[in-house]
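Trainee: Pick one part of this model and take me through it closely. Start from one pair of residues and work outward.

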Amino acid sequence: MDVFDELLRGVRGKGAVFGRSVLWSPWSLRFTDGAYLTLCLPMRGAGWIVPEGGEPLRLAFGEAAIVRGPAPFTFTDDPAGGTGAEVREVRWDARTAPAPELAAVPDLGPELDGTTVLLAAAYDVQAQVPQQLLRALPPALVVPDEDDCAPLRDYVVAQIGGARPGHQIVLDRLLDWMLVCTLRDWFDRPEAEPPGWYGALGDEVAGPALRAMHEDPAHPWTTAELAARAGVSRTTLAKRFTELVGDGPVAYLTEWRMTLAADLLTRPELTVAAVARRVGYADAFGFSAAFKRLRGESPSAYRQEAAATGRAPGRATPAG
């Protein structure tokens with residue numbers, strides 16, 4: 001089981017949430033759509049990512065930026081604001097509305113030399129499972145296109161403005177791939193601060209236990225059984241697991257089950273009892289007690305709130 005793959009499997013872009021812009025200095029774009037994540041790829045030129053209340057980060061061709069919402073951010077050629085550029089607002093609803101064509105892009109030929117061309121993809125991440133990883137991101141990050149990510153840029157450019165059948169779904173998936181590549185490269189960088197369990201996956205003691213719980217979360221795992229998977233004693237596993245992850249194996253398993261349950265509860269065809277069985281509880285009562293203890297509300301209340309708002313309870317509400 002590739003836990004990284006599992007956590008990001010539900011992060012998918014749609015053609016409705018992509019936009020591109022051709023920019024001539026002075027320029028300033030302010031993104032106010034409140035997306036959970038925004039992927040920014042300069043197709044030409046460079047600029048500065050300025051997160052709300054944060055330090056500017058330079059972003060150039062050959063790099064990718066990910067900005068974590070829902071706070072607004074700005075992409076500009078002058079982070080100090082000395083050029084007096086008019087600020088153009090970029091806003092679209094990642095759930096319902098098509099993305100604006102930020103500016104017409106006839107092509108990316110030589111006539112656009114000296115301009116900045118930006119492609120942005122917004123991701124309104126509703127599911128709780130990928131948020132387990134994405135919450136560890138800084139407000140904004142910039143990563144060079146390296147290794148597996150580098151060839152993707154050419155493919156993305158080739159799909160912009162294409163007319164072949166299915167070109168939009170190809171662009172969608174290429175950008176999803178670019179997002180995952182960028183995240184993977186970021187978490188491998190020394191300045192990244194991934195959650196404890198991420199680093200523990202490669203540990204010879206904690207890693208086998210973590211993978212076992214993710215492969216079959218409904219199994220009635222005990223510390224002794226997980227220790228057997230790692231080939232160590234219960235005491236050794238408990239000590240090492242807690243050092244790396246921050247919780248013991250049983251506490252981690254309970255939290256992971258409730259994260260899975262939160263996403264399952266948004267599916268109206270599943271009863272609370274059915275959700276309970278899928279995450280390892282024999283009856284709805286025991287599951288409901290555990291869910292309320294960790295999430296602060298009953299499964300039924302969580303489901304009702306998610307249905308009423310269209311958003312996962314406990315998530316920050318997008319700006320505006």
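**From one residue pair outward**

Mentor: C40 faces A65, its opposite number in β6. That is our starting pair. First, the ground rules. This is a predicted model: local features need pLDDT of at least 70, side-chain atom pairs count only at pLDDT 80 or more, and totals for chains, interfaces and linings use all residues. Residues are numbered from 1 along each chain as its sequence is written, and side-chain values use heavy atoms, without hydrogens and water.

Now widen the view to the strands (DSSP runs of E, at least two residues, numbered from the N terminus). β3 and β6 run antiparallel and are joined by four bridges. Two strands count as paired if DSSP finds at least two bridges between them. β3 has a second partner in β9 (residues 116-123). That pairing is also antiparallel, over seven bridges. Within it, P42 has L118 as its bridge partner.

How enclosed is β3? Strand β3 spans residues 37-44, and seven of its eight residues are buried, so the rest of the structure largely encloses it. Buried means under 20% relative accessible area; exposed is over 50%, and partly exposed falls in between (1.4 Å probe, protein chains only). Over the chain, 49% of the 320 residues are buried.

Follow the chain out of β6. β6 covers residues 63-68, and P70 sits in the loop between β6 and β7. The peptide bond from G69 to P70 is cis, with omega near 10°. Check that bond in your own viewer.

That loop leads to β7, residues 73-76, which pairs with β2 (residues 28-31). The two run antiparallel through four bridges. T74 in β7 stands opposite R30. T76 is the bridge partner of S28. On its other pairing, β7 meets β4 (residues 46-51), again antiparallel and again with four bridges. There, P51 is partnered by F73 of β7.

Look at which way the β7 side chains point. F73 and F75 go one way. T74 and T76 go the other way. All four of these residues are buried.

Next, step across β2 to β8. β8 covers residues 87-90, and it runs parallel to β2, with four bridges between them. S28 stands opposite V87 in β8. S28 thus appears in two pairings: T76 is its partner in β7, and V87 faces it in β8.

Put these strands together. They belong to an open sheet of five, in the order β5-β4-β7-β2-β8, with mixed pairing. β5 (57-60) and β8 are the edge strands, each pairing on one side only. The antiparallel β2 and β7 and the parallel β2 and β8 show the mix in detail.

Now the packing. A nonpolar core is a set of buried Ala, Val, Leu, Ile, Met, Phe, Trp, Tyr and Cys residues joined through side-chain atoms within 4.5 Å. In soluble globular proteins, nonpolar side chains tend to be buried together. The largest core here holds 73 residues, and L39, W197 and F287 touch the most other members. Helix α4 (residues 167-187) gives this core its largest share, nine residues. Apart from it lies another core of 16 residues, including L23, A65, F73 and A140. So two of our landmarks, A65 and F73, are among the members of that 16-residue core. A65 is the residue opposite C40, while F73 is the bridge partner of P51.

W197 deserves a stop. Contact means heavy atoms within 4.5 Å. Leaving aside neighbours within four places in sequence, W197 touches V3, L7, Q132, L133, L210, L244, V245 and Y252. The whole chain leans on distant pairings too: among contacts with a separation of 6 or more, 75% are between residues 24 or more positions apart.

Finally, the overall inventory. The chain has 12 helices and 10 strands. Helices are DSSP runs of H or I, at least four residues. Helix α12 (residues 299-309) contains E305. Set E305 against the buried β7 residues: E305 is partly exposed, at 34% relative accessible area. The C-alpha atoms of E305 and T266 are 9.6 Å apart, across 39 residues of chain.
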